[in-house]
Amino acid sequence: MPQLPDVVLWSIPAFVLLAAAEMVSYRLRPDTDAAGYDLRDAATSVTMGIGSVFFDFLWKIPIVAIYSVIYELTPLRVPVLWWILPLMLLAQDFLYYWSHRGHHVVRVLWACHVVHHSSERFNLTTALRQPWTSLTVWPFYVPLVLCGVHPAAVAFLSGVNLVYQFWVHTERVRRLPAPVEYVLNTASHHRVHHASQGGYLDRNFGGILIVWDRMFGTFVPETERPVYGLTKNIHTHNPLRVATHEYVAIARDLTTATTWRARAGHLFRGPGWQPEPSGPAATSPAPAAEPVPHTGPVPAEPAPVPARPAPTGPVPSLPAPAGSAESAPACPVAPACPEAAGPTDPADRAA
């Protein structure tokens, strides 16, 4: 097994210089539409990056042990040759796509990855905002080890993928030529990934290649300016809270859950999932809306029309109209007589 460099460690000076150059560029040529830099936010991102280097060193101890056991058990071996490394990187990037996608749709995995999305800015220091609990990533690369890729080569490939993604965290690079945008993950594609708008959520998971998103239906082009951060931002620069806030939220939901189904949902369903209400609260109808109080003047009610006493004798016959040969016959008081059902005076009809 040849000695492979730690590409992340060797790239740290370049990270610092490029981030400083980007910060200066905003001073020289401000962009009012860009999220730009905030010193406290940038300091938090750098702190999270430094912490991730320390914690990743701790997590590598059990991960390397597991990978080594798997590597010894598999009969396959993939030699580390210059012409095989691109194929290995292609396989690693494919698995990275599914790891990245899984860390967005499974809440216990999202609790690790949410750190990287917690900034409301988008610049090169955002690339350094890495989680401290990356122990959830290693299972996705077990197929590489089973195929005979040495654990040290897996670490090298992951480092190459991570270093590539540094430059896509910027608003200073707009669009690249169409063939490049079609194949590679670019700053434009990754701005979509970090956006919190509904149409941009959970899209563009690719690390080096964007073709995986095109193949599996998760690609969305950048059309409107992204709004960065979370759907519910945490508004803190405390690194400890940035690293743990989603784990705290999961613990809170687990303590209030009343069934094992709900507890499993809080762990393994998507972020924001809540169990459906059960019991009387789920079937009771919605309370009727209270009447809106009348705030204007109360209209006066019309005066009641006094009732006329019912006639007690026979109704006299009406005289015949002038010029008529004979008078109209008398109308007896009976239900069938229309003149007996109401007042006979024209003024009474109008009333």
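Helices here are DSSP runs of at least four residues, numbered from the N terminus. With that settled, I can start at the front of the chain. Please keep in mind throughout that this is a predicted model.

Helix α1 covers residues 7–28, and Ile12 lies in it. Ile12 is partly exposed, at 33% relative accessible area. Together with Leu9, Trp10 and Val16, Ile12 makes a nonpolar surface patch of about 450 Å². As background, residues three or four places apart in an α-helix point the same way, because the helix has 3.6 residues a turn.

Now the chain as a whole. What does the secondary structure come to? There are 13 helices and zero strands. The chain has 351 residues, and 36% of them count as buried. The accessible surface is about 21200 Å², and carbon and sulfur atoms account for 68% of that. If you take the contacts between residues at least 6 apart in sequence, 70% of them join residues at least 24 apart.

Next, helix α4. How many of the residues of α4 are buried? The count is 10 of 11, so this helix is largely enclosed by the rest of the structure. Among the buried ones are Arg107, Trp110, Ala111, Cys112 and the three histidines His113, His116 and His117. What do the buried residues of α4 pack against? The partners are α2, α3, α8, α10 and α11.

Let me take α3 from that list. Two packed helices are described by the angle between their axes and the distance between the axes. For α3 and α4 the angle is about 100° and the axes are 6 Å apart. That angle makes α3 roughly perpendicular to α4. On the α3 side the contact is made by His100, Gly102, His103, His104 and Val105, and on the α4 side the residues include Arg107, Trp110, His113 and His117.

Ala111 is a useful residue to click on in α4. Its relative accessibility is 1%, and since buried means under 20%, Ala111 counts as buried. Leaving out residues up to four places away in sequence, Ala111 touches Glu246, Tyr247 and Ile250. Ala111 is also 7.6 Å from Thr244, C-alpha to C-alpha, although the two are 133 residues apart in sequence.

That brings us to α10, residues 239–256, and its neighbour α11, residues 260–268. These two helices pack at an angle of about 170°, with their axes 9 Å apart. So α10 is roughly antiparallel to α11. The residues that meet are Ile250, Asp253 and Leu254 from α10 and Arg263, His266 and Leu267 from α11.

Now the charged pairs. Side chains of opposite charge can pair when their charged atoms come close. How many salt bridges does the structure hold? The number is eight.

I will go through three of them. In one, Arg40 pairs with Asp38, with the closest N and O atoms 3.9 Å apart. Arg40 is exposed, at 56% relative accessible area.

In another, Asp41 and Arg129 meet at 3.1 Å, N to O. Asp41 is in helix α2 and Arg129 is in the loop between α4 and α5, so this pair ties together parts that are 88 residues apart in sequence. Are these two residues buried or exposed? Asp41 is buried, at 7% relative accessible area. Arg129 is buried as well, at 1%.

The next one is Arg225 with Glu171, where the closest N and O atoms are 3.3 Å apart. Both residues sit in loops: Arg225 between α9 and α10, and Glu171 between α6 and α7, so the pair ties together parts 54 residues apart in sequence. Arg225 is partly exposed, at 35% relative accessible area, whereas Glu171 is buried, at 2%. Apart from these pairs, Arg107, Glu246 and Asp253 are joined into one network by salt bridges that share partners.

One last stop, in the loop between α8 and α9. Ser196 is located there. Ser196 is buried, with a relative accessible area of 17%. Which residues is Ser196 in contact with, leaving aside its neighbours within four places in sequence? They are Leu201, Val227, Tyr228, Gly229, Leu230 and Thr231.

Definitions and conventions
Residues numbered from 1 in each chain as written. Predicted model: local features only at pLDDT ≥ 70, side-chain atom pairs only at ≥ 80, totals over all residues. Heavy atoms only, no water. Patch = residues over 30% accessible without salt bridge, like charges linked within 9 Å, V, L, I, M, F, W, Y side chains within 5 Å. Areas by Shrake-Rupley, 256 points an atom, 1.4 Å probe, with all protein chains shown as cover. Salt bridge = Lys/Arg side-chain N within 4 Å of Asp/Glu carboxyl O. Buried < 20%, exposed > 50% of the residue type's maximum accessible area, 1.4 Å probe, protein only. Axes fitted to C-alpha atoms, helices over the stretch in contact; angles between N-to-C directions. Parallel < 35°, antiparallel > 145°, perpendicular 65-115°, else oblique. Contact = heavy atoms within 4.5 Å.
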